[in-house]
Amino acid sequence: MGKSKHRVKDIKNLLIVEGATDSSFFKELCNILDLGVFVFVATPKEIGGTFNSKTHAFKALDDHLGQLNDSKIERIAIVVDADAEKHNQGVSCTKQCVAEIAKKHGFTPPESDTKNSCLFQHKDGLNPFGLWIMSNNDNEGALEDWLSLCISREQESLFEYAKTCVSALPEQPLFKPLHQAKAEIATWLAWQEKPGHGLYYCVEAGLLDETAQQYQALVSWLRAV
């Protein structure tokens with residue numbers, strides 16, 4: 001396994017994410033959930049990687065899965081964006097990359113794909129590890145696409161107006177079409193009581209609908225892991 005810059009000896013439950021934005025969001029989410037265990041949310045750089053990215057998140061998973069075998073870590077999960085198929089990414093490609101890493105460590109993917117819970121089982125009965133592909137394990141996208149599916153009822157009209165404003169930009173926007181949801185969520189957050197905060201503020205300020213299907217699906221997956 002690779003060397004960790006910030007190895008914490010008492011890490012038992014590791015959630016690997018792509019970057020700092022995702023990390024702050026999931027730290028806040030795990031904080032408010034009664035998961036029964038402490039979850040160490042980490043970017044690749046925080047656990048020994050050189051850069052924060054999807055590719056380096058995969059490498060971090062490869063580096064740390066072996067620790068389940070020697071009981072240094074009890075549970076591992078990873079959250080990555082699907083991104084776009086036309087950029088040699090997408091859901092299928094992402095699942096295949098993780099499946100190849102899993103196979104090296106004796107894990108097998110689920111027999112059937114489910115949107116609510118993607119758990120890789122181990123042939124020797126070790127704890128399974130979890131994979132969640134944003135936005136919903138089925139469509140292209142990122143964390144912001146998931147957030148757009150979980151906006152609270154009180155915030156729906158404001159968010160719809162933010163979407164309208166982004167779509168009505170007088171000139172061709174500089175961002176890629178795949179990043180439309182990122183622009184919409186950023187615009188919506190800029191109009192909140194405390195503008196300028198990251199995605200974690202969606203949880204901190206109670207801006208999400210905890211009864212939304214996708215919110216419940218992600219929470220169920222976290223509990224399953």
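Select K54, F58, L61, D62 and L65 in α2, then add T94, C97, V98, I101, A102 and K104 in α3; these two groups meet. By class, this contact between α2 and α3 holds seven nonpolar, one polar and three charged residues. Keep in mind throughout that the model is predicted.

Now show the two helices whole. Helix α3 covers residues 90-104, and its axis comes within 9 Å of that of α2. The axes cross at roughly 20 degrees. Angles under 35 degrees count as roughly parallel, so α2 and α3 are roughly parallel to each other. Their crossing is right-handed.

Next, centre on L65. The residue sits in helix α2, which runs over residues 54-69. Is L65 buried or exposed? L65 is buried: its relative accessible area is 0%. Show what surrounds the side chain. Beyond its neighbours within four places in sequence, L65 is in contact with I76, I101, A102, H105, F107 and F129. Two of these, I101 and A102, also belong to the α3 side of the helix pair. Draw a distance from L65 to I101, C-alpha to C-alpha: the viewer should give 8.8 Å. In sequence the two residues are 36 apart.

Move to helix α1, residues 20-32. Put a distance between its end C-alpha atoms, which are 19 Å apart. How does that fit a helix of 13 residues? At 1.5 Å a residue the expected span is 18 Å, so the two values agree. Then colour D22, S23, F25, F26, E28, L29 and C30, the buried residues of α1.

Go on to the loop between β6 (129-134) and α4 (143-148), where S135 lies. Select M134 and S135 together. A cis peptide bond joins them, with omega about 20 degrees. Stay in this loop and pick N137, which lies there too. Check its backbone: phi is near 65 degrees, a positive value in a residue other than glycine. N137 is buried, at 5% relative accessible area.

Last stop: Q214, in helix α8 (residues 213-224). With 12% relative accessibility, Q214 counts as buried, because the cut-off is under 20%. Which residues does Q214 touch, not counting those up to four places away in sequence? Select W132, S135, N136, W146, L149 and C150. S135 brings you back to the cis peptide bond with M134.

Technical notes: Residues numbered from 1 in each chain as written. Predicted model: local features only at pLDDT ≥ 70, side-chain atom pairs only at ≥ 80, totals over all residues. Heavy atoms only, no water. Helix = DSSP H or I, 4+ residues; strand = E, 2+ residues; numbered from the N terminus. Buried < 20%, exposed > 50% of the residue type's maximum accessible area, 1.4 Å probe, protein only. Contact = heavy atoms within 4.5 Å. Expected span 1.5 Å × (residues − 1). Axes fitted to C-alpha atoms, helices over the stretch in contact; angles between N-to-C directions. Parallel < 35°, antiparallel > 145°, perpendicular 65-115°, else oblique. Left-handed = near helix turned anticlockwise from the far one by under 90°. Nonpolar A, V, L, I, M, F, W, Y, C, P; charged D, E, K, R; others polar.
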